[in-house]
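Me: Hello! I am new to this structure and would like to walk through it with you. Could we begin once it is on screen?

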Amino acid sequence: MMDNFWLKLSKPVFTLAPMEDVTDTSFRQLILEISDPEFFHVIFTEFTSTDGLCHPVGRSNVISRLLVNDSERDVLRKKGMKIVAQIWGSDPDKFYKAAKLICNEMEFDGIDINMGCPVKKIVKQGGCSALIGRPELAADILQATREASNIPVSIKTRTGIKKHDTEKWIGHLLNYDPAAIILHARTQKDQSETDADWREIAKAVKLRNSVGKNIPVIGNGDVWSVEDALSKCASTGADGVMVGRGIFHNPWFFNHPQPQVSTADKIDLLWHHVELFSGTWGSERNFATLKRFFKIYTSAFKGAARLRAALMETSNAGEVRKILDDFEKYTTSDEPFV
């Protein structure tokens, strides 16, 4: 029987969500380095197209999403953490081939199938949350992926398409024994516009318990702190949480108690991120991708908005370094604390 690491993790399990143009190897390494492994257990890649992985030309366009730097690998080993490759698509045969590629040529602890992304262009292709409306195809995809894998296969999904359909949908998935179910407590229609309804997580846990399955249920949606995560798990019975947008509010999320973070700590982390990103990708990825992160590090200190505005005008690491070297010019202004 395949060794399912999900069953061996201490509870509650803490995970970082797969996010497009966010959870590349440089950002993952950054978060891994500053996190306490007692409160951080599993990290996910960006979600990767099975169509792309199976295409002789298209593979080169998507394979970087599954890159794990040697330096990130070192941190994973040092902290005893797991890394999962997330894939998406709509063709069971391509899931089989993609899983074979991942298991034979890469070093991951698990595979996760994205059945939750609500982005319209993805849904139109029949992938991700569209699979909630095609339960038999979803089962075929899970079975094909698992057949090709020697590592556990989990599913990340939502509670329904236009309305919560948690019991019917999760009940269907439980019949096929995924290694874990990560449940975002919103529907496809909700996107991220409404509050996550953790009562739906509780329903999924209750259903799992009623059928006697030993399948971890990980809740996702509006988790803002370790304390919040512990409370949500206690009230719903969830085996853990997946953190998404919460990491943008606090990159030191996965620590308890929270460390005292100075302005200098934020600026040092910003520069470390720039170095990791530039050192990994060079010109392979657009430097502008980094700009979505700058607000994480430039907030809650005098002059932060002015500094951030200057950083948003940069186009390479050298320009960022020059602005940071002139840090006092921005923070000694009369601009209010923001």
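Me: Which residue lies over the face of Trp281?

Reply: Happy to help, and please keep in mind that this is a predicted model. A charge counts as over a ring if CZ of Arg is within 6 Å of the ring centre and within 35 degrees of the ring normal. At 4.1 Å from the ring centre of Trp281, the residue over its face is Arg285.

Me: And how far from the ring centre of Trp271 is Arg321?

Reply: Here, too, an arginine lies over the face of a tryptophan. For Arg321 and Trp271, the distance from the ring centre is 4.8 Å.

Me: What kind of aromatic pair do Trp6 and Phe44 form?

Reply: The structure holds 9 aromatic pairs. In the pair of Trp6 and Phe44, the centres are 6.4 Å apart and the planes meet at 40 degrees. Planes under 30 degrees apart count as stacked and over 60 as edge-to-face, so this pair is tilted.

Me: How many residues apart in sequence are the parts that this pair ties together?

Reply: Trp6 is in the segment before strand 1, while Phe44 belongs to strand 2, so the pair links parts separated in sequence. Both Trp6 and Phe44 are buried, and with Phe5 they form one aromatic cluster. The separation of the two parts is 38 residues.

Me: How many charged residues are in the lining of the largest pocket?

Reply: The largest pocket has a volume of about 830 Å³, and 39 residues line it, with Glu20 and Cys117 among the closest to its centre. The lining includes 16 nonpolar and 13 polar residues. The number of charged ones is 10.

Conventions
Residues are numbered from 1 along each chain as its sequence is written. This is a predicted model: local features need pLDDT of at least 70, side-chain atom pairs count only at pLDDT 80 or more; totals for chains, interfaces and linings use all residues. Side-chain values use heavy atoms; hydrogens and water are left out. On a 1 Å grid over the protein atoms alone, a cavity is a set of points where a 1.4 Å probe fits but cannot get out, and a pocket is an open set with protein on both sides within 12 Å along at least five of seven lines; lining residues have an atom within 4 Å of a point. Grid points are joined across faces, edges and corners, and a volume is the space filled by probe spheres set on the points. Ala, Val, Leu, Ile, Met, Phe, Trp, Tyr, Cys and Pro count as nonpolar, Asp, Glu, Lys and Arg as charged, and the others, Gly among them, as polar. Rings of Phe, Tyr and Trp (its six-membered ring) pair if their centres lie within 6.5 Å; planes under 30 degrees apart count as stacked, over 60 as edge-to-face and the rest as tilted. Helices (H or I, at least four residues) and strands (E, at least two) are DSSP runs, numbered from the N terminus. Buried means under 20% relative accessible area, exposed over 50%, partly exposed in between (1.4 Å probe, protein chains only).
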